[in-house]
Amino acid sequence: IRQVPGLRNFDGETITLSQDIEMNGIAFTPISSYYRKVEEDVTKQNQSAWFSGTIDGKGYAIKNLSNNGFSIAGITAGTNATSVQFGESKVTYSEAIYGLFASVKDAEIKNITISVDIDMTIDNQNQYVGDSIGAIIGFSTGNLTLENVTVNGTVKGYDGVGGIVGRCYGTGTNTVTLKNVTNNANITGVRHTGGIIGYVNGPQV
């Protein structure tokens, strides 16, 4: 599943798994683009930036998803940046999003188990930090439904770090619905860190 600018974003479509997926040894590139904007900031040209469909795992698992070997410098989030403190000085680092899905809008994920080993804390060589880091979703906007979802393993990031979702944005009319969602992963973050969702701004949970 890959979004290409100008093409469909799977809105109204359901993608199902028919077996477990083993990711061991694969440096995984997240599904969808790395666009991190709230809905009111989006132009028609950017409508394909998010995944907006449904994933139904049918009870199957995605195993051993990892960013190991994947260059953090290969994914960006536009002009977003973070000041990183080093002793008495601050250095501006770019921000990178990571998860099974980098960014989603009005998405539904259900009936799936995923095991991960994600470490997107900081890349000093390329001057990136992991912001919006989650096993399933890095950044979500609009409505979001997660049902019968389990995460195992380890998730590490710098800011907006969650076991399931890194950041959820939207308006007061948007909702984030969680049904039978379990995080068994160890979560580590510097700022805005949570077991299920790292940071929420706008939607009702």
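**Strands, core and salt bridges of the predicted model**

Leaving aside neighbours within four places in sequence, F101 is in contact with P30, I31, S32, F51, I55, I109, I136, I137 and G138. This list is a handy way into the structure, which is a predicted model. F101 is also among the residues with the most contacts inside the largest nonpolar core, together with I109, I137, L144 and L146. That core has 40 residues. Strands β4 (61-66), β6, β7 (101-120), β9 (128-134), β10 (137-157), β12 (165-169) and β13 each supply at least two of the core's residues. The most generous contributor is β7, which gives nine residues.

A step back shows the setting for this core. The protein chain has 16 strands and zero helices. Of its 205 residues, 47% are buried. Among contacts in the chain with a separation of 6 or more, 81% are accounted for by residues 24 or more positions apart. One pair that can be followed by eye is A96 and M120: the two are 24 residues apart in sequence, and their C-alpha atoms are 8.1 Å apart in space. A96 is found in strand β6, which covers residues 89-98. With a relative accessibility of 0%, A96 counts as buried.

The pairing of strands can be traced through β4. Strand β2, made of residues 21-22, pairs with β4 in the parallel sense over two bridges. Here E22 stands opposite K63 in β4. Strand β4 also runs parallel to β7, and four bridges join these two strands. In this second pairing, A61 stands opposite T113 in β7. Both β4 and β7 are also on the list of strands that each supply at least two residues to the core described above.

Charged side chains add another layer to the picture. Across the whole structure, seven salt bridges are found. One of them joins D56 and K58, with the closest N and O atoms 3.6 Å apart. D56 is buried, since its relative accessible area is 8% and the cut-off for buried is under 20%. In another, the side chains of D106 and K105 meet at 2.9 Å, N to O. The two partners of this bridge can be told apart by their cover: D106 is partly exposed, at 33% relative accessible area, whereas K105 is buried, at 11%.

A further salt bridge is formed by D159 and R191, whose closest N and O atoms are 3.3 Å apart. D159 lies in strand β11 (residues 159-162) and R191 in strand β15 (residues 191-194), so this bridge ties together parts that are 32 residues apart in sequence. D159 is buried, with a relative accessible area of 5%, while R191 counts as partly exposed at 32% relative accessibility. Nor does this pair stand alone: D131, D159, R167 and R191 are linked in a network of salt bridges.

The tour ends at the surface. The protein chain exposes about 9,300 Å², and carbon and sulfur atoms supply 43% of this area. A nonpolar surface patch of about 240 Å² is made by L178, V200 and V205. L178 lies in strand β13, which spans residues 176-183, and at 35% relative accessibility this leucine counts as partly exposed. Strand β13 thus appears in two parts of this account, because L178 in the strand belongs to the surface patch and β13 also supplies at least two residues of the largest nonpolar core.

Key
Residues are numbered from 1 along each chain as its sequence is written. This is a predicted model: local features need pLDDT of at least 70, side-chain atom pairs count only at pLDDT 80 or more; totals for chains, interfaces and linings use all residues. Side-chain values use heavy atoms; hydrogens and water are left out. Patches are made of residues with over 30% relative accessible area and no salt bridge: like charges are joined within 9 Å, nonpolar side chains (Val, Leu, Ile, Met, Phe, Trp, Tyr) within 5 Å. Accessible areas come from the Shrake-Rupley method with a 1.4 Å probe; for residues, only the protein chains shown count as cover. A salt bridge is a side-chain nitrogen of Lys or Arg within 4 Å of a carboxyl oxygen of Asp or Glu. Buried means under 20% relative accessible area, exposed over 50%, partly exposed in between (1.4 Å probe, protein chains only). Contact means heavy atoms within 4.5 Å. A nonpolar core is a set of buried Ala, Val, Leu, Ile, Met, Phe, Trp, Tyr and Cys residues joined through side-chain atoms within 4.5 Å. Two strands pair if DSSP finds at least two bridges between them.
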